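Trainee: Could we go through the reasoning behind a few of the terms used for this fold? I'd like to see how each label is earned.

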Amino acid sequence: MILEFSITNFLSFKDKTTMSMIGNAKNNLNDNYVVINDKKVLKSAVVYGANASGKSNLFKALLEISLMIRNSNFTDINAKLPIVPFKFDSKSNENPSEFEIKFLYHDLRYVYGFKADAKKIYEEYLYYYPNGRETRIFDRVDNRYTYDRKDTKILKKIAEMTASNKFFLATATNWNYSKTKPAYDFLTAGMCICFNLNDLKPISFNAYKQNDNNLKEFTLDFLKQTDFNIEDFDVTEVKKTQNVINTNLNSRDYQILFKHKGQNNMLSFEEESLGTQMIFVLIPFLSITLKGCGVLIIDELDKSLHPYLVEYIVKMFNSLEYNPRGAQLIFNTHDTNLLDLNFFRRDQIWFTEKNDENGESVLYSLNDFSIRKSENIEKGYMLGRYGAVPFIKNDWNLWDNEEE
């Protein structure tokens, strides 16, 4: 579970920006969090904001953390890291970016962070908390490393093999250092970060092809509960037709057929609506995240999905029945139907807003506002009480139908 993550000087975020999944002291909507070490850890969070306000950039930071660590062992020593600083300030543009994430994995709390630019990693560190006490696993400042004294011999050799543009976390794990492996596993496989569901099709279809009865049961139950009128489906793997452009003989494709209630003829995946296609691709990731107590992060969850369907997905994560262990869903959306204090706690609702003068994005929570329990949050948001909405000038009088 993510406890908190922070970014500094990355894309549209200039100053240190922190999103926390730690709940406030209020005891309401108790199913929306799990209590761990006397802390409320939220199961879900939503981010609202105008277009180009920084919502997606927030998630891109987590995606880059995951990808850079995952690819580190295969990165050429002369390759540049995909780190882009805040460009609208000359000083920031020349400074490195900073990232930090605090998380729980296998009931242990970890803190991992680094400072880097496209050329090199200047700082990197990993701490954990066995028995509740902070313990350093490693600390890196340029080429100087500090670690637990009893591990110095093995880690010194690993440090000598770590290039300036490679992550020590990845190198140490690759050399079977057991203390870095849990953090590496969480950061590279424990978070699923989705910007385009189409990119997840091969993984999703392969999951269905494994003939996992639990996944099929979960999928059919989901489709039944959400009124898709689908009572069965079949996924088979077929060879792609070879052509001049694609000469990969090992390339595979999938044939997916759906049986609708009361119908004998089956429809292919391509014949289904875009909404059906998207939810079918998403369902394995919902199942894997909920059962594995992982983290699912989705950019524009409402894309091609009805608001009631989005609400149902969020309810699954906020429920005890489907999510007793605390899997997390973090997403952004423009669907204002979810802005309801009977659905989300104040600490689960976040906003991004961009300063028009300097181009800097800021992130803040509804928890920062003093509001009444009975307040209509959706109406207040649309009226601009919490910011994070576009200011649209109506200079053209498009809705003025009066004749002169």
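Trainee: Which residues of H1 and H5 meet?

Mentor: In this predicted model, Ser66, Ile69 and Arg70 of H1 meet Tyr184, Leu187 and Thr188 of H5. Contact here means heavy atoms within 4.5 Å. By class, that contact has three nonpolar, two polar and one charged residues.

Trainee: Why are H1 and H5 called oblique to each other?

Mentor: Helix H1 (residues 55–71) and helix H5 (residues 181–190) pack at about 120 degrees, and their axes are 8 Å apart. Roughly perpendicular covers 65 to 115 degrees and roughly antiparallel needs over 145. The angle of about 120 degrees fits neither class, so the pair is oblique. The crossing of H1 past H5 is left-handed.

Trainee: And the sheet: what makes E2 and E10 its edge strands?

Mentor: The open sheet has seven strands in the order E2-E1-E6-E7-E8-E9-E10, with antiparallel pairing. Strand E2 (17–20) and strand E10 (144–147) each pair on one side only, and that puts them at the edges.

Trainee: How do you know that E7 and E8 are paired?

Mentor: Pairing asks for at least two bridges. Seven bridges join E7 (residues 108–116) to E8 (residues 121–128), so the two strands count as paired. Lys115 stands opposite Glu123 in E8.

Trainee: What makes the direction of H5 roughly perpendicular to that of E6?

Mentor: H5 runs at about 105 degrees to E6, and 65 to 115 degrees counts as roughly perpendicular. Besides E6, H5 lies across E1, E7 and E8.

Note on methods
Residues are numbered from 1 along each chain as its sequence is written. This is a predicted model: local features need pLDDT of at least 70, side-chain atom pairs count only at pLDDT 80 or more; totals for chains, interfaces and linings use all residues. Side-chain values use heavy atoms; hydrogens and water are left out. Axes are lines fitted to C-alpha atoms, for helices over the stretch in contact, and angles run from 0 to 180 degrees between N-to-C directions. Helices (H or I, at least four residues) and strands (E, at least two) are DSSP runs, numbered from the N terminus. A crossing is left-handed if the near helix is turned anticlockwise from the far one by less than a right angle, and right-handed if clockwise. Ala, Val, Leu, Ile, Met, Phe, Trp, Tyr, Cys and Pro count as nonpolar, Asp, Glu, Lys and Arg as charged, and the others, Gly among them, as polar.
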